[in-house]
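This report walks through a structure for a reader who has not met it before. Please keep the sequence and the model at hand while reading.

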Amino acid sequence: MNFLQKQALKYTCNFLNKELKSKFKFKEEIVLNKAKDNKKVMLYIHVPFCHTFCPYCSFHKFAYDEELCKEYFKILRVELQQFKDLGYDFNTLYVGGGTTLINEDELIKTLSLCKDLFSIEEISCESDPNHIKPEVLKDFKGLIDRLSCGVQSFDNDILRKVNRLEKFGEQKELVKKLELANGILPTFSIDLIFNFPSQTKQMLIKDIELAKSIAPSQITLYPLMKSNLTKEIIAAKLGIDKQDNEYEFYKIICDYFSDYEQNNSWSFSKDRTNFNDEYVSTHHEYIGAGSGAFSFTENKLLVNAFKLDDYKAKVLEGKNKKLAHIDFSDEDVINYIFLTEFFKDNLNINNFNQNYNCDLEKHLGFRLKAMKSVGAININNGIIQNTFFGKYLALTLMKEFYINMDLVRAFFRKDL
């Protein structure tokens, strides 16, 4: 990375953080409006329960309690029926957490209801290595189309430091679990994290080689995300590196996956037909169900209640009340969609202009010229294509975006 690229990276990250902080000014609760024009958007469902809390994870979650979880899913299904009554339809469902398969029976009931209520064509779920037993996954045939398993690392020392070794097993056990799970559902993905403190080049390469040897449909490698919520506990558990290896490690990753199809800046597939792992880059509008879920629709970011009792009360009022919301301008929305499309790569300018009724080149102005001048993008025949530096820039910006969303979660969870 040359001097100009380093400065561009620093400037764009600072600019994004300032923009997000200036926009994240939440207003009072709001009722979800009726659906417009019968358009299909994505449905997101949040399952906020985990057996194990990882030090680098700041997603919304609670310690698992079976009875509490059953009650939660019951209320969740009421909320889904309310979406139907408001005229919403969905063609895609993404279930995140937490640990989404933490109660398989309740999840099966919920996914089956979604299939009955809506025009669901594909369902993606997340899991941990303890919920991918073949006999369990077979029960989800015809329901889950894509399952991603959060392995994070195969290195025993890292697993021990982040409290995952005893819970999920050491390297050989993990590999065996993944091999047995692979191939049962249409798409199986392995999720890894790179740039842990103390992680060496050799450790990263070993993680990549083990993941590729299992031959899943997809492999995703997220950069370690350190927000104000997690950086101290990450330092306590894993230490502090004198040097940030993120850029060097990203080059290694892209080299090792040159024989894969790159879906976006941090995800790689064995072929083009696999689902994109990052729903915000392919579904710009979505409705969120469950405690702490976000919705983004009609230029609004809507936030569900985080406390389980508050969430239940708002659903049972029957009005689908959201805890808070932010209104965004048309310009803000174009900036957001450009970020997600830039992360995905190969942006067709004419299609973008038609879909969002704008002039993207005029809208971005000097920013687009600056991206080209520092070697982040090439523009050929109306297509914006990312260079290697552009892919890394997109990865970094998406990382910063998610860190800021963690701060939003922290704001609403501050009294939990």
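## Asparagine residues with positive phi

In this predicted model, asparagine 346 has a relative accessibility of 47% and therefore counts as partly exposed, since the exposed class begins over 50%. Asparagine 346 sits in the loop between α12 and β17, and its phi is positive, about 55°, although the residue is not a glycine.

Asparagine 299 likewise is not a glycine and has a positive phi, of about 65°. This residue belongs to the loop between β13 and β14, where it is partly exposed at a relative accessible area of 24%.

## Two hairpins and a further strand

The loop that holds asparagine 299 leads into a description of the strands on either side. Strand β13, residues 294-297, pairs with strand β14, residues 300-303, in the antiparallel sense, and 4 bridges connect them. Threonine 297 has lysine 300 in β14 as its bridge partner. The hairpin made by β13 and β14 has 2 residues between its strands, and in this hairpin glutamate 298 takes a positive phi near 50°. Strand β14 also pairs with strand β16, residues 324-327, again in the antiparallel sense and over 4 bridges, with leucine 301 standing opposite isoleucine 326 of β16.

Another hairpin is formed by β10 and β11, with 2 residues between them. Strand β10 covers residues 261-264 and strand β11 covers residues 267-269; the two run antiparallel and are joined by 3 bridges. Within this pairing, asparagine 264 has serine 267 of β11 as its bridge partner.

## Salt bridges

How many salt bridges does the structure hold? There are 18 in the model, and a few of them are described here. Side chains of opposite charge can pair when their charged atoms come close. One such pair is aspartate 259 with lysine 212, whose closest N and O atoms are 3.1 Å apart. This pair links distant parts of the chain, as aspartate 259 lies in the loop between α10 and β10 while lysine 212 lies in helix α8, residues 201-214, with 47 residues separating them. Aspartate 259 counts as exposed because its relative accessibility is 54%, whereas lysine 212, at 23%, counts as partly exposed.

Lysine 391 and aspartate 345 also meet through their side chains in a salt bridge, at 2.7 Å from N to O. They too come from distant parts of the chain, 46 residues apart: lysine 391 is in helix α16, residues 388-413, and aspartate 345 is in the loop between α12 and β17. Are the two partners buried or exposed? Both lysine 391 and aspartate 345 are buried.

Salt bridges with shared partners join Glu29, Lys314, Glu317 and Lys321 into one network. Within it, the side chains of glutamate 317 and lysine 321 meet at 3.3 Å, N to O, and glutamate 317 is partly exposed, with a relative accessible area of 43%.

## Helix α2 and its ends

Helix α2 runs over residues 66-85, and its 20 residues, at 1.5 Å a residue, should span 28 Å; the C-alpha atoms at its ends are 29 Å apart, which agrees with that expectation. Its buried residues include Cys69, Tyr72, Phe73, Ile75 and Leu76, and among them are also Arg77 and Glu79.

What caps the N-terminal end of α2? Aspartate 65 does so, with a side-chain oxygen lying 3.3 Å from the backbone nitrogen of glutamate 67. After the helix comes glycine 87, whose phi is positive, near 90°.

## A cis peptide bond and a surface patch

Glycine 97 and glycine 98 are joined by a cis peptide bond, with omega at about 20°. Of these two, glycine 98 is placed in the loop between β5, residues 89-97, and α3, residues 104-117.

On the surface, Tyr11, Phe15 and Phe366 form a nonpolar patch, and together they have about 350 Å² of accessible area. Phenylalanine 15 lies in helix α1, residues 3-23, and is partly exposed with a relative accessible area of 34%.

Conventions:
Residues are numbered from 1 along each chain as its sequence is written. This is a predicted model: local features need pLDDT of at least 70, side-chain atom pairs count only at pLDDT 80 or more; totals for chains, interfaces and linings use all residues. Side-chain values use heavy atoms; hydrogens and water are left out. Two strands pair if DSSP finds at least two bridges between them. A salt bridge is a side-chain nitrogen of Lys or Arg within 4 Å of a carboxyl oxygen of Asp or Glu. Buried means under 20% relative accessible area, exposed over 50%, partly exposed in between (1.4 Å probe, protein chains only). Patches are made of residues with over 30% relative accessible area and no salt bridge: like charges are joined within 9 Å, nonpolar side chains (Val, Leu, Ile, Met, Phe, Trp, Tyr) within 5 Å. Accessible areas come from the Shrake-Rupley method with a 1.4 Å probe; for residues, only the protein chains shown count as cover. The expected span of a helix is 1.5 Å times one less than its number of residues. A polar contact is a pair of N or O atoms within 3.5 Å; within protein, one must be able to donate a hydrogen and the other to accept it, and residues adjacent in sequence count only if both atoms are side-chain atoms.
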